[in-house]
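Trainee: Before we go through the labels attached to this model, could you show it to me, so that each value can be set against its cut-off?

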Amino acid sequence: MTPTETPQATWRATVAQFWALAGGFWTGAESRRRALGTAGALMLLAGSEVALMLRFNTWNRDLFDALERRDAHAVLLQVGVLLAIVGGFCIASAGQLLCRRRLALGWRAWLGWRLTAGWIGARDGSPGNPDGRIAEDARVATEEAVELAASLFHATMTLGIFVGVLWALSDHPPTLLGGVSFALPGYLLWLAVLYALLGMTVAVLAGRPLVRSTDHRQAREADYRAALVRVRDADRAGRGEAGLLASLFGDLAAVFERQSRAFARLEFFVCAVTRVGFGLPYLVATPAYLAGVASLGWLMQAAQAFQTVSEALRWPVQHMPRLATWRASAERVIALAAVAPQAAPVVPAAEPETVPLPAPAAP
């Protein structure tokens with residue numbers, strides 16, 4: 001077991017080592033222009049989607065204020081506005097999906113050629129199942145990195161915008177609670193932050209075993225696939241081979257069960273936090289509405305903004321399984337690359353047309 005695969009490896013160390021191995025995709029002379037161009041388009045589309053979320057937030061206020069006034073003409077107008085907002089969401093969402101997939105495919109191609117070079121150049125020193133690490137772990141490490149980075153950027157931008165919205169919505173006349181005048185600047189924002197941090201802390205503690213259990217499962221899956229390939233290539237499956245396959249699948253089943261228990265603990269807390277979050281914003285905003293210092297539209301806008309801020313703050317909780325999967329695959333890729341860091345890349349005679357970026361230069 002290499003240092004990168006030990007439980008003592010930190011998140012910071014894994015990220016730094018993976019960037020040292022795969023970051024050339026973003027800095028290389030040939031791949032940088034297209035990679036950064038696609039990433040720029042992705043960020044522009046994400047910004048457009050956040051702007052649409054802001055417009056949808058104000059739409060909630062306009063619609064429910066119209067309903068409170070029983071203004072049928074205004075309600076019909078808001079139906080048309082909603083259709084335009086939904087159309088914008090569809091375009092932005094589809095565009096982001098295309099950008100993410102193109103980035104992931106290009107990065108996977110770049111990293112795949114580099115890992116293949118190291119494997120061929122130092123075949124005898126390669127760790128177990130290098131073919132599986134190149135085919136599967138490199139795919140997972142790059143795809144999940146793109147998905148996680150894109151979602152983190154989106155959550156950060158959303159948080160930056162809606163923090164201001166919640167702060168502004170908290171600025172209304174004092175509310176009487178039990179005969180006491182209540183007026184706390186930004187109280188909706190502070191409650192959203194506290195709620196999200198509490199849920200995040202509990203879920204992070206519950207999900208800590210996921211990284212190791214995911215790493216162990218991926219290793220056992222690779223061992224089982226490799227054994228199946230050996231039996232197939234030998235064109236026979238005697239009693240010894242059958243016993244080996246049964247033993248390997250037993251090991252796989254055991255680590256699968258440990259991973260399932262880790263997922264179940266995390267799902268329990270995530271479900272609790274999510275379900276409470278559906279009703280909590282309305283309870284928080286209701287006193288101002290009942291006191292007559294805010295309209296029904298304000299109540300709905302405040303609740304939707306509260307949910308949006310809480311969801312953005314819960315990004316680590318919501319993506320805990322994906323973070324665990326990425327880290328496990330990244331560590332296995334790093335271990336494979338470590339056997340021959342100076343190997344020259346193997347460049348194919350012609351790359352497939354579906355691969356948008358060239359093979360990397362020699363490290």
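**Labels and the values behind them**

Mentor: Let us begin with the largest pocket, where helix 5 gives the most to the lining, with seven residues. Keep in mind throughout that this is a predicted model.

Trainee: Which helices supply at least two residues each of the lining of the largest pocket?

Mentor: Helix 1 (11-22), helix 3 (32-69), helix 4 (72-121), helix 5 and helix 11 (320-337) each do so. The space in this pocket comes to about 510 Å³, and of the 21 residues lining it, those closest to its centre are Ala145, Val146, Leu148, Ala149 and Ala150.

Trainee: How many residues of that lining are nonpolar, polar and charged?

Mentor: The division is 21 nonpolar, no polar and no charged. Since glycine would have been counted as polar, the absence of polar residues from the lining leaves no place for glycine there.

Trainee: Why is Trp167 called partly exposed rather than buried or exposed?

Mentor: Buried requires under 20% relative accessible area and exposed requires over 50%; Trp167 has 40%, so this residue counts as partly exposed. Trp167 lies in helix 5, which spans residues 130-169.

Trainee: What makes Trp167 part of a surface patch, and which residues form that patch with Trp167?

Mentor: Membership calls for over 30% relative accessible area, and the 40% of Trp167 satisfies that part of the test. Trp167 forms a nonpolar patch on the surface together with Phe182, Leu184 and Trp190, and their accessible area together is about 390 Å².

Trainee: Why are Arg69 and Arg70 given the label that they have?

Mentor: The cut-off for exposed is over 50%; Arg69, with a relative accessible area of 53%, is therefore exposed, and Arg70, at 75%, counts as exposed too. Arg69 has its place in helix 3, whereas Arg70 is in the loop between helix 3 and helix 4.

Trainee: What is notable about the phi of Arg70?

Mentor: Phi of Arg70 is near 60°, which is a positive value in a residue other than glycine. Most residues other than glycine have a negative phi.

Trainee: How far apart are the C-alpha atoms of Arg69 and Leu296?

Mentor: They are separated by 9.9 Å, although the two residues stand 227 residues apart along the chain.

Trainee: And for the protein as a whole, what share of the residues is buried?

Mentor: Of the 363 residues, 44% are buried, and the protein has eleven helices and two strands.

Definitions and conventions. Residues numbered from 1 in each chain as written. Predicted model: local features only at pLDDT ≥ 70, side-chain atom pairs only at ≥ 80, totals over all residues. Heavy atoms only, no water. Patch = residues over 30% accessible without salt bridge, like charges linked within 9 Å, V, L, I, M, F, W, Y side chains within 5 Å. Areas by Shrake-Rupley, 256 points an atom, 1.4 Å probe, with all protein chains shown as cover. Salt bridge = Lys/Arg side-chain N within 4 Å of Asp/Glu carboxyl O. Helix = DSSP H or I, 4+ residues; strand = E, 2+ residues; numbered from the N terminus. Buried < 20%, exposed > 50% of the residue type's maximum accessible area, 1.4 Å probe, protein only. 1 Å grid on protein atoms, 1.4 Å probe; cavity = no way out; pocket = protein on both sides within 12 Å on 5 of 7 lines; lining within 4 Å. Points joined across faces, edges and corners; volume = space filled by probe spheres on them.
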